[in-house]
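Okay, thanks for coming, everyone. Let me put the structure up so we can walk through it together.

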Amino acid sequence: MRIILNAFSFLRDKLRLQGIAHIEAPMEITSPCDVHRLISLLGLKPEDVEAVFINRVIMPKETLLNENDRVALLPPGTPGSYRLMLGIKKV
Amino acid sequence: MADKIYRVNMSNLSFKIEEVPASWMGLGGRGLTSTIVAEEVDPECHPLGPNNKLVFAPGLLSGTSASNSGRNSCGAKSPLTGGIKESNVGGTSAAIMAKLGVKALIIEGLPKDAETFYQLHVTKDRVEFILVPELIGLDNYAVLEAMAAKYDKKVAVMSIGRIGEMRMNIANISVKDPGGKLRSHGRGGLGAVMGSKKIKCITVDAESYKEVTIENPDKFKEASKIFTKTLQENPISGQGLPAFGTNVLVNILNEAGGLPTHNFREGNWEHAEKICGETMAENIKARGGKTTHGCHAGCVIQCSQVYNDKDGNYLTSGFEYETIWALGAHLGIQDLDLIAKMDGLMDDLGVDSIETSVMLGLAVDAGILAYGDGARAYELLSHEIPTGTPLGRILGAGTHILGKAYGLVRVPTVKGQGIPAYEPRAVKGQGITYATTPMGADHTAGYAVATNILNSGGHIDPLKKEGQVELARNLQIASAAVDSTGMCIFVAFAALDDAKCLPSLIDMINARFGCALTIDDVMNLGKNILKKEHEFNIKAGFGKADDRLPEFMKYETLPPHNVTWDFTGEEIDAFWNF
Ligand code: SF4
């Protein structure tokens, strides 16, 4: 299936080094695939990704991805109160 | 020697150096400026009249070796909001004032001669009143140059440009930073208050000061080491901010549908990539700027940066997300270099880069310029406003007045102050802070987090109401407390993640003053400050209706989440139940 991948901040350099497109980039993956598996498919370590937006909402990493999902990965480093306000970190 | 209160009266050009009243002893920064304003300023006074006071107070830890402790607070009744205001800044003034033993500088009255401007020169024993006709009509960098020629190069300088002289609501007070660039007491029109008192600049002697006294130096050193480590090891303050600055938030807010676009009509901007933190960092690296830079000596986070143009020439520093957002998604400028040039110009002119840029975005709705017309925006900023043309005066009065002058309904302000960078309908906790903070819409009012007073209730859904009022309340209480320490609010990131951060901060305060405060004491201080500020505003005539967001947010849905602002008045008012 096809998803649209975005990655921010430090993740960009990590993906660039591997030649993986990461700005509004269509990506083919096999189903079923949750965010944990996507992270490993991208050659990233679990701790590289603090949170994930799926279709513009922060979702648990256990979430199974669907065809045409818009996925954006965030490394640790989102400033404090916004990590709470956007639901990245538990209150 | 104990710290003193330096009191200046501009009506008769006199000064007094006073003992610190016992009830002000444990206060610094915002806690002290807000207490002085609440106790000494008539809430019903005209902000530009003789009964307003302009108060500067370094934080409790300013002047010490504690990391990130160099923030200076400035307070007054705001001409922009009509309520109480505190705005804090880095630069060199906090440490120099604290080392000189100035616990607060209180400026009262107005000079009789309306044509003159003064420089106040503060030394250990006196305040000199120097007529400075040669500085009238100059902007901030020229004032810095003049002061550098006159004094030791380390002298602290706080100044206003032409726009402050004209007492416009967008005027800020600029402060020299260690690199000779400018930082700002940005929000609330405090530069207009300084202009009304006919003070072009304040200089603080950097030659005769002594190091601040620390009651328990060993304990201080130990706590300071732990505190610094928590900042350096935190992924936000240790890596994220130094690499991308606060502008790392463009892509995050854009992805969350919370990047206010085209005057709060949408929550995403298709051109976000052109102005985001990642693009900014690439430009800086390619052009020989600096991705890390501190606004004051002793900052170990260094969220600031030096941003150069394509030829490697300096454009600006302290290039913040909120300004970039406002000139970018809100006003439509896609050229990050032009945004940087405007940011640097706003420093020199001495205007609040948030209020000014939010206002310029609204000027699109007023038909004054087209969305994305950077050239016209630059012309308004560089010509109409600083030369004080009739249009420039309307623009310089800020977002709220511009909206009134042009009969606009979609005016993004609370208590007369422009809403920054975080769409309240899509980041509802921020909306509660904008509605309730006594400062008028201010993102830094709800920035710090005290995990010990947060109820653990799982993840917040930014699009729903649940838990938002309580979260905003806790953020504002903690922010008011941090703003009193002299700490930069970004220490909050480590405070959220590392259990050692906040206790070590309090240990430093205890070691500095020989006291035994607990976390609860410090949070109670935050509560008291907030309540004091709220009471001042009520006495100034504010009511519940002022704790509300612009009405259009209730009936216009915001894409992409198609959300409205759906809090009832009662739900918002519950914020004050503490
Ligand atoms: S983190 Fe940024 S705002 Fe805070 S003190 Fe350092 S440079 Fe200044």
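I'll start with the interface and then move on to some backbone details.

First thing to keep in mind: this is a predicted model.

So, how many residues does each chain bring to the contact? Chain A puts in 30 residues, and chain B puts in 41 residues. People often describe the size of an interface by the accessible area that is lost when the parts come together. Here, the area buried between chain A and chain B comes to about 3200 Å², with 68% of that from carbon and sulfur atoms.

What about specific pairs? Across the interface of chain A and chain B there are 3 salt bridges. Have a look at A:Arg70, which forms a salt bridge with B:Glu255; their closest N and O atoms sit 2.9 Å apart. There are also 9 residue pairs in polar contact across the interface, both residues being at pLDDT 80 or more.

Now, which elements of chain A touch chain B? Helix H1 (10-17), strand E5 (70-74) and helix H3 (80-85) each supply at least two residues of that side. H3(A) gives the largest share, 6 residues. By type, the side of chain A that touches chain B splits into 15 nonpolar, 8 polar and 7 charged residues.

Staying in chain A, find A:Pro60, in the loop between strand E4 (57-59) and E5. Buried or exposed? Well, A:Pro60 counts as partly exposed, because its relative accessibility is 46%, between the 20% and 50% cut-offs. A:Pro60 is also 25 residues from A:Val35 in sequence, with their C-alpha atoms 8.0 Å apart in space.

On to the backbone. As a reminder, most peptide bonds are trans, and most residues other than glycine have a negative phi.

Here are two cis bonds. One runs from A:Ser31 to A:Pro32, with omega near -5°, and A:Pro32 is in the loop between strand E2 (25-28) and helix H2 (35-41) of chain A. Another goes from B:Pro559 to B:Pro560, with omega near 5°. You'll find B:Pro560 in the loop between helix H22 (552-555) and helix H23 (569-573) of chain B.

Then the positive phi values. B:Asn68 is not a glycine, yet its phi is near 60°. This residue lies in the loop between strand E3 (54-58) and strand E4 (72-77) of chain B, and it's buried, since its relative accessible area is 0%. B:Gln302 isn't a glycine either, and has a positive phi of about 60°. Its place is the loop between strand E13 (290-293) and strand E14 (304-308) of chain B, and at 26% relative accessibility B:Gln302 counts as partly exposed.

Key. Residues numbered from 1 in each chain as written. Chains lettered and ligands numbered in written order. Predicted model: local features only at pLDDT ≥ 70, side-chain atom pairs only at ≥ 80, totals over all residues. Heavy atoms only, no water. Contact = heavy atoms within 4.5 Å. Buried area = accessible area lost by both parts, 1.4 Å probe. Salt bridge = Lys/Arg side-chain N within 4 Å of Asp/Glu carboxyl O. Polar contact = N/O pair within 3.5 Å; in protein donor to acceptor, adjacent residues only side chain to side chain. Helix = DSSP H or I, 4+ residues; strand = E, 2+ residues; numbered from the N terminus. Nonpolar A, V, L, I, M, F, W, Y, C, P; charged D, E, K, R; others polar. Buried < 20%, exposed > 50% of the residue type's maximum accessible area, 1.4 Å probe, protein only.
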